[in-house]
Amino acid sequence: MPTNHYDLIVLGDEFSGLVAATLCARRGLRVLYAPGPRAATSYQIGPYRLPIEPLPLAGLGGGATRRVLDELHFQHLLKRKLFHPQPPFQLVGPDVRLAIDIDDAVLAREGERELRQAGVLLTAGERAGQVAGLLEPIFALDIAVPPTGFWERREMGRVGGRLLDLADEWQEGLDRDLDRALLSLPAVFATNTDPRDLSPVACARAFAEWRQGLAHLPGGWDALRAIFLDKFASHNGEIRTAEVESFATSWSKVTGVRLAGGEELGAGHVIAAMPVSDMAPLADRKMRRRLAEAEEGVPVGAYRYTLNLVLDEMGVPEGLGSNALMLADPSAPLHGDNALAVFVDQPDTEARVAMTVQAICLAQDAGSLDDALASLRVGVRERLEAVMPFYSEHVRLVHSPHESAPPETAGGASEPVELAHAVAPRPLWRLPRQPLLGVAGLSYQIGMKQFAVASSQILPGLGLEGEMAAGWCAAKLVCEAAGKKKDYLRDEVLTAGRG
């Protein structure tokens with residue numbers, strides 16, 4: 001028998017689950033958030049605090065993100081904390097360095113200066129914005145994305161058809177490999193999709209959002225999670241770190257969770273905020289079969305690798321912006337050391353600069369991922385040398401949180417590393433053959449009643465925006481099942497009572 005009962009239990013530490021838990025607590029449900037042993041998002045080496053994964057914030061004004069931030073009253077809080085570098089980002093290709101700006105005149109000048117074609121870049125940017133804008137009415141609908149019922153799928157098909165056609169026209173209008181590759185780079189590093197599966201919709205949406213502005217939140221993922229956790233706690237949400245042993249099920253229905261030690265917690269609904277592969281050990285035989293079918297549709301295709309460097313300020317090339325996407329060969333695939341994202345912090349009091357470099361490592365059919373990451377590290381260092389000549393003469397520290405190798409330091413001096421072991425890199429997902437809207441993966445439901453998935457596998461083609469959307473949609477499904485009707489979600493109702 002359950003020792004306690006909740007309207008909702010959220011298991012796992014993926015960001016979509018925290019969004020769903022916070023929204024449901026805000027709407028009056030009794031919610032337990034059980035993230036389990038959460039992987040670190042930053043770590044310390046000597047005096048330096050370095051990210052395991054940077055958090056480039058884009059698309060905060062988009063419909064999917066805005067409805068979450070507005071309901072939780074986070075807009076003004078974030079505005080006070082965010083720093084907006086200018087230009088938003090740079091595209092660096094063979095003999096090309098483009099500053100991508102929201103101002104059309106600036107973008108036209110950059111195209112003329114670097115590409116000798118002022119109109120190509122400007123037109124491509126404008127068309128990308130048009131494609132991205134067609135997602136707005138979809139997220140304005142009071143339906144789950146991806147849809148869960150016949151009428152929702154019908155409405156989605158009516159609204160989404162034009163989106164796919166316009167996105168294809170946009171990408172087909174890019175005649176050169178260089179243009180296609182440069183305009184696809186934001187999606188490579190902004191989404192949770194294997195770059196081999198990136199759709200024109202995902203590429204257009206990411207480019208348009210990065211062009212609108214790329215914000216820096218001090219503290220990165222730790223700071224963003226802290227904002228949501230504070231709101232969750234303020235609405236009497238409960239957080240528990242107990243180890244979950246299994247889902248409690250009865251007649252194709254998830255009724256709660258069992259903890260290590262035998263305690264059972266009942267729930268009106270359970271949300272799993274974790275990859276499908278991590279749910280299988282918690283499931284019974286019937287549920288594992290359904291999870292395996294779901295996993296086959298959205299498997300791991302690649303990983304996002306992080307390499308942190310600390311340089312003397314003199315080692316950073318003049319004119320390199322805070323956010324730069326680098327391309328070696330426009331005709332080659334956008335993974336490995338061919339495509340890099342470089343995020344540069346401001347110099348500290350000792351004129352040293354922390355730089356985070358990301359690259360994509362394909363999942364290995366055979367062999368060791370550790371070996372593949374070590375090989376990628378060598379390639380990344382060589383590529384940086386080609387783009388940033390003589391930077392290695394100014395390196396003070398080099399370390400990847402995904403490798404067990406100790407940090408490289410100037411003069412060979414040892415520095416203590418806060419991490420006890422290597423941290424798994426973020427998985428990037430393969431998409432179904434014809435993904436909904438070009439960005440969707442898993443469904444929220446896998447055939448078990450009172451159970452939903454809210455993770456990066458739901459809308460991998462939209463990155464952080466997709467995680468916000470998945471959290472909102474999962475919360476909507478739970479609230480409707482709990483009897484919270486649409487009128488409960490009106491702002492005047494939400495701001496009454498608990499405010």
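**Exercise 1. Describe the overall fold of the protein by its secondary structure and its compactness**.

Solution. The protein holds 15 helices and 22 strands, where helices (H or I, at least four residues) and strands (E, at least two) are DSSP runs numbered from the N terminus. Its radius of gyration, taken over C-alpha atoms, is 23 Å, close to the 23 Å that the globule rule (2.2 Å times the number of residues to the power 0.38) gives for 499 residues, so the protein is as compact as a globular protein of that length. The C-alpha trace spans about 65 × 55 × 50 Å along its principal axes.

The model is predicted, so that local features need pLDDT of at least 70 and side-chain atom pairs count only at pLDDT 80 or more, while totals for chains, interfaces and linings use all residues. Residues are numbered from 1 along each chain as its sequence is written, and side-chain values use heavy atoms, with hydrogens and water left out.

**Exercise 2. Determine how many disulfides the protein has, and examine Cys-473 and Cys-479**.

Solution. Take a disulfide as a pair of cysteine sulfur atoms within 2.5 Å; by this rule the count comes to zero. For Cys-473, the nearest cysteine sulfur belongs to Cys-24 and is 12 Å away. For Cys-479, the nearest cysteine sulfur is again that of Cys-24, at 4.0 Å. Next, consider accessibility, where buried means under 20% relative accessible area, exposed over 50%, and partly exposed in between (1.4 Å probe, protein chains only). Cys-473 is buried at 0%, and Cys-479 is buried at 2%.

**Exercise 3. Locate the cis peptide bonds that precede Pro-87 and Pro-146**.

Solution. The bond from Gln-86 to Pro-87 is cis, with omega near -5°, and Pro-87 sits in the loop between α3 (75–81) and β7 (89–93). The bond joining Val-145 and Pro-146 is also cis, with omega about 0°, and Pro-146 belongs to the loop between α6 (136–140) and α7 (150–172).

**Exercise 4. Characterise the backbone and the surroundings of Ser-252 and Ala-351**.

Solution. Most residues other than glycine have a negative phi. Ser-252, however, has a positive phi of about 60°; this residue lies in the loop between β11 (244–249) and β12 (254–259) and is partly exposed, with 22% relative accessibility. Ala-351 likewise has a positive phi, near 60°, in the loop between β17 (336–344) and β18 (352–362), and its relative accessibility of 34% makes Ala-351 partly exposed.
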